[in-house]
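Open your viewer and keep the selection box at hand. This tour goes stop by stop.

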Amino acid sequence: MSYQALYRKYRPADFSAVKGQEHIVRTLKNQIEADRIGHAYLFCGTRGTGKTTVAKIFAKAVNCENPGPDGPCGKCAMCQAIASQSSMNVVEIDAASNNRVDDIRQVIEEVQYSPAEGRFKVYIIDEVHMLSVSAFNALLKTLEEPPSYLIFILATTEAHKIPLTILSRCQRYDFRRIRVDTIQERLRELLDNEGIEAEDKALAYIARQADGALRDGLSLLEQCISFYFGEKLTYENVLKALGAVDHSVYHEIMSALVDNHVDGIVEAVARLVSQGRDLTQFVNELVWYMRNLLVLKMADSADQLVDASEENLNDMKQYAEQVEQEMLFRYIRILSDLANEMKYSANKRVLMEVALVRLCRPQMEQDYDSLINRLHNLETANESLQAAIASGQFAVAVPAGGEPSEAAEQPVVQKELHPEAVPEDVRMVVANWQQILRLLGPVSREMLSDVVLSVSDAGALVLAFTQETRAEYFKSKENREELIQAAGKLIDRTIVLDVRYVQNNKEFRALPELRDVIKNVTVEMLD
């Protein structure tokens, strides 16, 4: 006999061998036992979850001469005929290639004849959502009033494309994605039957890559076995056969993101390309890696929810502590968008490099997650600067003559400002500043944490910053309006803002701080 693929060779012959769909198997077995068999079923679910397999088992079970607790006996003449595809009682139709109305009319003509043997005539229509509108309409009348000996089993991966008139006449069963541990157990069982050695870690990786589809898992396993025929299936072998990468690369990428090291990211991508790795698969795996970091950061029992070795788990915990929750949300969002774009791109490497650079450069975006990322970078840089100053790595620059310059020794003279010289609306804002801050969002409050409040020659309230990121934040119309409206609620006036980025520290320190001048002035709160 010619070679059979693993998913065909080990296709379940009865309900006991069906994995991960216990809720459906139990319902169908109860219907057979109680002789309460419906006339139309709709099996929905992603690829490789067992829709067609269960349909064939059910077709055998309803025609079996000696059905047992697990469905068909597999030994009677009817079971043997259906298994060998020689029975006229079970007809499989691929709606992808037989989707015209004439194809369905031919089926309708055939169903008028009762089965020559057995109880039921079963029609299994796969990918039924591919039928044309006219074909669905032709099928509708037969579905509504079928002969007593007729059963339709419709299988689809896209149930939302089925007309409601068809859905309302079928018993619907949703096939779930199969759990990783269930797929892993099945792979181990098949390898034991085949006499092939494999590491548990290797099978766990294949099961995870299957994405809930047992058939996909068997196909991936067969690919790995063929690549390393006659050898033990190790984790490293599986990574090479499937074009995947080890966790160390994800750690390297994450380290570069934390340090904003663009060069490190570009070098890592170049190595992946030179090794012939699948970039689309890598991005999907990187999304899953970020998901694991998010779980480690948020969940109480995270160790049980993250499938990783103890060594990798410890590394991931360290990175999870170094990044904000919002940063991980941003990483996952950008990488998920990248994965979708790469499906249709001819130059995946460029797309991937641009997206990873965006992760390192949150200033390229203006959304909430990016602002949190930028704040995190500023705080990290500030901590590094303070540590350097504390350790004596920074010193006052001394000119060649050996003595500090006169300019360096001159104290900063702050311009004197009398409260009466400050416009009334500016004084009212400064006097109520803390109450205004309470009306702002958390990001805006954080951005104003080191602002200097001053007044311009034109009488506008000056917001002075030494960090360009914070100045740019309030130059944005939306964020300016938030502050202006918050102030207006308290003082019942519309203020004018002058946002400045003051790069020169001496100039910045020379600005008069209105909170020092107006701190003893009492301003009456307005209703």
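What follows is a walk from the whole chain down to single residues.

**Before you start**

This is a predicted model, in which local features need pLDDT of at least 70 and side-chain atom pairs count only at pLDDT 80 or more, while totals for chains, interfaces and linings use all residues. Residues are numbered from 1 along each chain as its sequence is written, and side-chain values use heavy atoms, with hydrogens and water left out.

**Stop 1: the whole chain**

Show the protein chain as a cartoon. There are 27 helices and eight strands. Both are DSSP runs numbered from the N terminus: helices are H or I with at least four residues, strands are E with at least two. Of the 527 residues, 46% count as buried. Buried means under 20% relative accessible area, exposed means over 50%, and partly exposed lies in between, using a 1.4 Å probe and protein chains only.

Now switch on the surface. The accessible surface comes to about 28100 Å². Carbon and sulfur atoms account for 47% of that surface. These areas come from the Shrake-Rupley method with a 1.4 Å probe; for residues, only the protein chains shown count as cover.

Turn to contacts, meaning heavy atoms within 4.5 Å. Take those between residues at least 6 apart in sequence: 73% of them join residues at least 24 apart.

**Stop 2: parallel strands**

Select residues 90-94, strand S2, and residues 121-126, strand S3. These two strands run parallel and are joined by five bridges. Two strands pair if DSSP finds at least two bridges between them. Label Val90: the bridge partner of Val90 in S3 is Val122. To get from S2 to S3, the chain passes through helix H5 (residues 101-110), in a right-handed β-α-β crossover. Right-handed means that, with the strands pointing away from the viewer, the path from the first strand over the helix to the second runs clockwise.

Add residues 150-156, strand S4. S3 and S4 are also parallel, with five bridges between them. Val122 has Ile151 as its bridge partner in S4. The chain goes from S3 through helix H6 (residues 133-144) to S4, and this β-α-β crossover is right-handed too.

Is S3 mostly covered or exposed? Mostly covered: five of its six residues are buried.

**Stop 3: an enclosed helix**

Select residues 200-209, helix H9. Seven of the 10 residues are buried, so H9 is largely enclosed by the rest of the structure. Show the buried side chains: Ala202, Leu203, Ala204, Tyr205, Ile206, Ala207 and Arg208. What do they pack against? Helix H8 (180-194), helix H10 (214-227), helix H11 (235-242) and helix H14 (279-298). Just after H9, pick Asp211, which takes a positive phi of about 55°.

Next, pick Lys232, in the loop between H10 and H11. Lys232 counts as partly exposed, because its relative accessibility is 41%. Leaving out residues up to four places away in sequence, Lys232 touches Glu197, Ala198, Glu199 and Asn237. Also try Ile196: the C-alpha atoms of Lys232 and Ile196 are separated by 7.0 Å, though the two residues are 36 apart along the chain.

**Stop 4: a three-stranded sheet**

Which order do the strands take in the open sheet of three? The order is S6-S7-S8, with mixed pairing. Strand S6 (452-455) and strand S8 (497-501) stand at the edges. Each has a single partner strand, so one side of each is left without a neighbour in the sheet. From one strand to the next, the twist averages 30°.

Select strand S7 (residues 461-465), which pairs with S6 in the antiparallel sense over four bridges. Val455 stands opposite Leu461 in S7. Then add helix H24 (residues 468-475), which lies across S7 and S8 and runs at about 155° to S8. Axes here are lines fitted to C-alpha atoms, for helices over the stretch in contact, and angles run from 0 to 180 degrees between N-to-C directions.

**Stop 5: cysteines and one threonine**

How many disulfides does the structure hold? Zero. A disulfide is a pair of cysteine sulfur atoms within 2.5 Å. Select Cys44: the closest cysteine sulfur, in Cys170, is 9.0 Å away, too far for a bond. Cys44 is buried, at 3% relative accessible area. Cys360 is buried as well, at 1%.

Finish at Thr53, in helix H3 (residues 51-63). Thr53 counts as buried, at 12% relative accessibility. Beyond its neighbours within four places in sequence, Thr53 is in contact with Arg11 and Pro12.
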